[in-house]
Amino acid sequence: MFRKGDILLPSSRVAKRDWLNGLFHPAVVWDDSYDGTSDFHGIMLTHTAPNGQFDNILMAANHFEDGHEVVFSNTHFVNQLFIKFQGWGTFELVGRLTTEGIEFIETHLNTNSHPIEFIQYRQLVTR
């Protein structure tokens with residue numbers, strides 16, 4: 001069972017060349033809990049800074065728990081809620097946001113966004 005703020009990646013990692021067909025970037029679980037057997041809502045983490053296309057928001061070291069594979073490393077969150085597909089998993093826990101990290105995203109997340117697939121997001125930002 002995963003909970004809001006857990007950072008997941010598939011146990012079998014997606015190759016960079018296949019990044020549109022799976023979960024390549026770490027995903028923060030954005031549902032209160034996630035049993036690992038269905039689709040879920042997630043926040044994408046990336047190293048890409050904001051630019052003309054992407055409204056990514058820089059996080060801070062205190063937003064991430066220490067001792068995990070995924071910790072702060074010039075990490076941004078993509079300002080959009082995404083649908084993450086169970087078919088991309090089995091997922092494993094690779095990090096965890098702190099309470100401050102969850103609150104930071106809650107404060108800055110585009111409240112006008114509704115959960116979409118990444119492919120739809122790419123189409124919106126590349127117009």
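**Notes on a predicted model: sheet, helix and salt bridges**

1. Start with a pair of charged side chains. Asp6 forms a salt bridge with Arg96, and their closest N and O atoms are 3.0 Å apart. This pair links distant parts of the chain. Asp6 belongs to strand β2 and Arg96 to strand β8, with their positions 90 residues apart in the sequence. Are these two residues buried or exposed? Both Asp6 and Arg96 are buried. Keep in mind throughout that this is a predicted model.

2. How many salt bridges are there? The count comes to two. Lys4 and Glu106 also meet through their side chains, at 2.8 Å from N to O. This pair, too, links distant parts of the chain. Lys4 sits in the loop between β1 (2-3) and β2, while Glu106 is in helix α1 (residues 99-108). They are 102 residues apart. As a general point, side chains of opposite charge can pair when their charged atoms come close.

3. Look at the surroundings of Lys4 and Glu106. Lys4 has a relative accessibility of 19%. The cut-off for buried is under 20%, so Lys4 counts as buried. Glu106 has a relative accessible area of 42%, and is therefore partly exposed.

4. Now step back to the whole chain. It has two helices and eight strands. Along the sequence the pattern reads β-β-β-β-β-β-β-β-α-α. The chain has 127 residues, and 43% of them count as buried. Its accessible surface comes to about 6,900 Å². Carbon and sulfur atoms hold 48% of that surface.

5. Contacts across the sequence deserve a point of their own. Take the contacts in the protein chain with a separation of 6 or more. Of these, 70% are between residues 24 or more positions apart.

6. The sheet comes next. Six strands form an open sheet in the order β6-β7-β5-β3-β2-β8, with antiparallel pairing. Which strands are at the edges? They are β6 and β8, and each pairs on one side only.

7. Follow strand β2, residues 6-10. On one side, five bridges join β2 to strand β8 (residues 91-96), and the two run antiparallel. Two bridges join β2 to strand β3 (residues 27-29), again antiparallel. Leu8 is a handy residue to find in the model. Leu8 stands opposite Leu93 in β8. In β3, the bridge partner of Leu8 is Ala27.

8. Why is β2 described as largely enclosed by the rest of the structure? Five of its five residues are buried, so the description fits. Both faces of β2 are covered. Asp6, Leu8 and Pro10 are buried on one side. Ile7 and Leu9 are buried on the other.

9. Move along to β3 and β5. Three bridges join β3 to strand β5 (residues 40-46), which run antiparallel. Val29 has Gly42 as its bridge partner in β5.

10. Helix α1 packs on this sheet. The helix lies across β5, β6, β7 and β8. It runs at about 85° to β7.

11. Gln80 is worth a closer look. It is found in strand β7. Its relative accessible area is 8%, so Gln80 is buried. What does Gln80 touch, not counting residues up to four places away in sequence? The list is Gly42, Ile43, Leu109, Ser113, His114, Ile116 and Tyr121. With His114 there is a polar contact: a polar atom of the Gln80 side chain lies 2.8 Å from the backbone oxygen of His114.

12. Two loop residues finish the tour. Asn74 lies in the loop between β6 (57-58) and β7 (76-84). Asn74 is not a glycine, yet it has a positive phi of about 55°. Asn74 counts as partly exposed because its relative accessibility is 43%. Gly87 is in the loop between β7 and β8. Gly87 counts as exposed because its relative accessibility is 63%. Gly87 and Pro10 are 77 residues apart in sequence, but 9.7 Å apart in space, C-alpha to C-alpha.

Technical notes. Residues are numbered from 1 along each chain as its sequence is written. This is a predicted model: local features need pLDDT of at least 70, side-chain atom pairs count only at pLDDT 80 or more; totals for chains, interfaces and linings use all residues. Side-chain values use heavy atoms; hydrogens and water are left out. Helices (H or I, at least four residues) and strands (E, at least two) are DSSP runs, numbered from the N terminus. Buried means under 20% relative accessible area, exposed over 50%, partly exposed in between (1.4 Å probe, protein chains only). Two strands pair if DSSP finds at least two bridges between them. A salt bridge is a side-chain nitrogen of Lys or Arg within 4 Å of a carboxyl oxygen of Asp or Glu. Contact means heavy atoms within 4.5 Å. Axes are lines fitted to C-alpha atoms, for helices over the stretch in contact, and angles run from 0 to 180 degrees between N-to-C directions. Accessible areas come from the Shrake-Rupley method with a 1.4 Å probe; for residues, only the protein chains shown count as cover. A polar contact is a pair of N or O atoms within 3.5 Å; within protein, one must be able to donate a hydrogen and the other to accept it, and residues adjacent in sequence count only if both atoms are side-chain atoms.
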